Amino acid sequence: MSVTPAPAAQRSTPAWGTGFEALVRQDPELAGLLLGEADRQATGLQLIAAENFTSPAVLAVLGSPLANKYAEGYPGARHHGGCELVDLAERIAVERARGLFGAEHANVQPHTGSSAVLAAYAALLRPGDTVLAMSLQQGGHLTHGSPANFSGRWFDFVGYGVCRDTGLIDYDQVRDLARERRPAAIVCGSMSYPRHPDYAAFREIADEAGAALIADAAHPIGLVAGGAAPSPVPYADIVCATTHKVLRGPRGGLVLCGARLAERVDRAVFPFTQGGAQMHAVAAKAVAFGEAATPAFTAYAHQVVANARALAAALASEGLVIATGGTDTHIITADVSPLALEALTARRRLAAAGIVLDTCALPHGRARGLRLGTAALTSQGMREPEMMRVATLLGAALRGEGKESGIRAEVAELAGNFPPYPPHM
Ligand SMILES: *Cc1c(COP(=O)(O)O)cnc(C)c1O
């Protein structure tokens, strides 16, 4: 049976394209909640480093009947019938990912970034193996050995960290630990490190120790796509990533590797750690990879970094101490203790003003700090002048100058000038 996509010319608004009106009629409670959340996102300043505003095209695919399709397996080798069109969608996603990142192989099925990391471990490691990764206190992710996560339970994690004086990764320590502990794999990548890992140095250390190198590029992969960050692809045996952070795609994961590991990675995703692929998410990834290959996205990625640098400098003027003295990425990690504030108090004051961000661990036994990112604000079209304004509002809210409601209104006004989904879209 041959199934062909409908030609674009035949398109009119499909019945399922009016889904929101159906939701309003059928379940006003949930519809109200959706509208409220969209409003919250649009009227505040979204500075959570892992978040972004995905495009209307990506949202359309996520809300499409592709969500109905069961597709266990891979294109051309599914356990279900009727996969002809979703096979095409997955092939397009894989080809676009390979092209975008110059990788020999891509697996686009991981449901999340954590599932991508799980698949990388499953492809390369056995339970009980020693793995060297950034310690959780210094910026490592849950999947890098947290006792609350499968990684900490099933593997023997050894943590490396950053230098006390510079805040930069201590490569001497990484090398010493690799020589001493002979890990089966070394993981580079973090959730709060604002600089680029030296992938060549990690590769050299891994080679000397006979270890595999896994790059967890969950955060920077979007910058890599836009040419605003060095690529781990030429250095790492496996690159794990998310598609929803700077990359601006649907919530999901991605694994890139060389042809040598392709089969092991594919089997590690399905059937080892996942069941049926989420074809609406896979197809939405294809759309996002298509967007990320455009000059507009290259400009976006560079603006994300320029905005982060401008914001870091402006926040330093507000009295925050910026880890590593600045940033090369979308991430800013800041210590608010010089303002005589606890990070949680700071986050609460900022939330009351409509400024949304995370707290994070700071290395070397210091109190927790704040983690911010510029991916979402940049998607809204904000640039350096707005970053100055954001820092001023943030500083005022942090100092709790007793006028949170006034600051909240100013935040809403600024955000209102940069709607994430303008009416013409
Ligand atoms: C975000 C992130 C992940 C995965 O996140 P999910 O929430 O599972 O999508 C993995 N590693 C790092 C370093 C991350 O920052």
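# A walk through the model, starting at Gln380

Start by selecting Gln380, which sits in the loop between helix H14 (375–379) and helix H15 (384–398). Keep in mind as you click around that this is a predicted model. Is Gln380 buried or exposed? With a relative accessible area of 7%, Gln380 is buried. Now add its contacts: leaving out residues up to four places away in sequence, Gln380 touches Phe53, Ala415, Phe418 and Pro420. Draw a distance from Gln380 to Pro420, C-alpha to C-alpha, and you should get 4.9 Å, although the two are 40 residues apart in sequence.

**The annotated domain**

Next, colour residues 24–393. UniProt, in an unreviewed entry, gives this stretch the feature "domain: Serine hydroxymethyltransferase-like". The span is 45% helix and 15% strand, and its end C-alpha atoms lie 36 Å apart.

**The listed binding-site residues**

Now pick Leu136, Gly140, His141 and Leu142. UniProt lists these under "binding site", again in an unreviewed entry. Of this set, His141 is part of the lining of the second largest cavity, and we'll get to that cavity shortly.

Zoom in on His141 itself. You'll find His141 in the loop between strand S5 (130–134) and helix H6 (150–154). Its relative accessible area is 21%, so His141 counts as partly exposed. Show side chains here and look for Thr143: the His141 and Thr143 side chains make a polar contact at 2.8 Å. Which residues does His141 contact once its neighbours within four places in sequence are set aside? They are Ser114, Leu136 and Met191.

Slide along to Leu142, which is also in the loop between S5 and H6. Leu142 is partly exposed too, with a relative accessible area of 46%. Setting aside residues up to four places away in sequence, Leu142 touches Asn149 and Ser151.

**Two cavities**

Time to look at the empty space inside. How many cavities of 30 Å³ or more are there? The count comes to two.

Go to the largest one, with a volume of about 150 Å³. It is lined by 17 residues, and to centre your view, select the ones closest to its centre: Gly189, Ser190, Arg195, Pro197 and Pro220. The lining divides into ten nonpolar, five polar and two charged residues.

Then move to the second largest cavity, at about 40 Å³. Select His141, His144, Ser190, Met191, Asp216, Ala218, His219 and Lys245 to show its lining. By type, that lining has two nonpolar, four polar and two charged residues.

**His219, one of the lining residues**

Stay there and centre on His219, which is in the loop between S8 and helix H9 (221–225). At a relative accessible area of 2%, His219 is buried. What surrounds His219, not counting residues up to four places away in sequence? His219 touches Ala49, Ala50, Ser190, Met191, Lys245, Val246, His330, Ile331 and Arg371. Two of these contacts, Ser190 and Met191, should still be on your screen, since you picked them with the lining of the second largest cavity.

**Helix H8 and its cover**

Now select helix H8, residues 199–209. Its buried residues are Tyr199, Ala201, Phe202, Arg203, Ile205, Ala206 and Ala209. What covers them? Turn on strand S6 (156–160), helix H7 (171–181), strand S7 (185–188) and strand S8 (212–216), which are included in the cover. Just after H8 comes Gly210, with a positive phi near 70°.

**Three backbone stops**

To finish, switch to a backbone view for a few local details.

- Go to Phe270 and Pro271: the peptide bond from Phe270 to Pro271 is cis, with omega near 10°. Pro271 is in helix H10, residues 259–273.
- Select Arg248, in the loop between strand S9 (238–242) and strand S10 (253–257). Arg248 is not a glycine, yet its phi is positive, about 70°. At 18% relative accessibility, Arg248 counts as buried, as the cut-off is under 20%.
- End at Thr324, in the loop between strand S11 (321–322) and strand S12 (331–335). Thr324 is not a glycine either, and its phi is positive at about 60°.

Terms used. Residues numbered from 1 in each chain as written. Predicted model: local features only at pLDDT ≥ 70, side-chain atom pairs only at ≥ 80, totals over all residues. Heavy atoms only, no water. UniProt positions renumbered as here; feature names shortened; annotations may be inferred. 1 Å grid on protein atoms, 1.4 Å probe; cavity = no way out; pocket = protein on both sides within 12 Å on 5 of 7 lines; lining within 4 Å. Helix = DSSP H or I, 4+ residues; strand = E, 2+ residues; numbered from the N terminus. Buried < 20%, exposed > 50% of the residue type's maximum accessible area, 1.4 Å probe, protein only. Contact = heavy atoms within 4.5 Å. Polar contact = N/O pair within 3.5 Å; in protein donor to acceptor, adjacent residues only side chain to side chain. Points joined across faces, edges and corners; volume = space filled by probe spheres on them. Nonpolar A, V, L, I, M, F, W, Y, C, P; charged D, E, K, R; others polar.
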